[in-house]
Amino acid sequence: MKKTHYIILFLLSLVFVSTSCNKTKTYADILKDESKAIDKFIKQNNLVILKDFPKDTIFKSNEFYRDPATGVYFNIIERGDPKTKVKLGEEVYIRYSGLRYFANDKDTNSYSNMDLIRSPFPETIIYRGPVTMRNRDIYSSTPAWAVPLPLIGHSGKVKLIVPFNMGSSSDRVNYQKVLTTTYYDNVQYRFESQS
């Protein structure tokens with residue numbers, strides 16, 4: 001009789017373990033969830049996604065272009081100095097405001113590094129050329145920040161919608177715990193050669 005109870009308990013625990021393992025989301029599931037979250041954000045904010053990049057690089061405030069190589073959406077707010085372009089190997093200083101995470105609808109926090117007292121030093125990246133999904137790891141910080149760089153000059157400003165796989169290194173590691181897609185309302189660039 002005891003053997004029968006042990007067998008039944010073993011089978012029940014096996015069923016429990018196998019069903020709980022199936023609740024783990026696959027990478028494809030996470031990408032679908034992220035795509036839905038981005039689509040929802042686009043609809044809620046009445047954004048227009050352009051099929052072609054504007055030849056004059058001028059965007060309306062609600063227009064975004066989705067970079068086909070990275071999936072990063074951006075809007076150029078100000079082109080910056082048209083006479084200056086970022087150079088390979090150049091250090092770029094980044095200040096941002098309006099950073100929000102798509103973690104859930106209840107997260108209404110907005111982050112910024114514009115306050116020079118709280119954040120005396122800007123974020124920095126070394127420009128290593130155009131970004132793709134394959135070479136994104138050449139940027140130790142947030143690869144998405146480098147996506148619009150070839151299209152703007154010193155003091156340029158952009159808005160960004162950043163998929164988790166183009167976000168910061170911690171966003172890329174923690175994607176299974178929290179959906180870390182981000183939105184930046186204002187990213188400002190300053191080139192080392194111009195500072």
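This report walks through a predicted model of one protein chain, from its overall layout to its aromatic pairs.

## Before you start

Because the model is predicted, local features need pLDDT of at least 70 and side-chain atom pairs count only at pLDDT 80 or more, while totals for chains, interfaces and linings use all residues. Residues are numbered from 1 along each chain as its sequence is written, and side-chain values use heavy atoms, with hydrogens and water left out.

## How confident is the model?

pLDDT is the predictor's confidence in each residue, on a scale from 0 to 100. The chain has a mean pLDDT of 84, and 79% of its residues reach 70 or more. Confidence is highest in strand β2 (residues 63–66), at 98, and lowest in helix α1 (residues 2–21), at a mean of 55. Where pLDDT is low, the predicted coordinates should not be read in detail.

## The overall layout

You'll find 3 helices and 8 strands here. Both are DSSP runs numbered from the N terminus: helices are H or I with at least four residues, and strands are E with at least two. Starting at the N terminus, the order is α-α-β-β-β-β-β-β-β-α-β.

Of the 195 residues, 40% are buried. Buried means under 20% relative accessible area, exposed means over 50%, and partly exposed is in between (1.4 Å probe, protein chains only). The accessible surface adds up to about 12,100 Å², with 56% of it belonging to carbon and sulfur atoms; such areas come from the Shrake-Rupley method with a 1.4 Å probe, and for residues, only the protein chains shown count as cover. Now for contacts, meaning heavy atoms within 4.5 Å: among those between residues at least 6 apart in sequence, 67% join residues at least 24 apart.

## Aromatic pairs

A search of the whole structure turns up 10 aromatic pairs. Rings of Phe, Tyr and Trp (its six-membered ring) pair if their centres lie within 6.5 Å; planes under 30 degrees apart are stacked, over 60 edge-to-face, and the rest tilted. One such pair is F41 with Y183, which is tilted, at 4.9 Å centre to centre and 45° between the planes. F41 sits in helix α2 (residues 27–44) and Y183 in strand β8 (residues 182–191), so this pair ties together parts that are 142 residues apart in sequence. F41 is buried, at 9% relative accessible area, and Y183 is buried too, at 7%.

Then there's F53 with F59: their ring centres are 5.6 Å apart and their planes at 70°, so the pair is edge-to-face. F53 is partly exposed at 23% relative accessibility, whereas F59 is buried at 11%. Together with Y65 and F74, F53 and F59 form one aromatic cluster.
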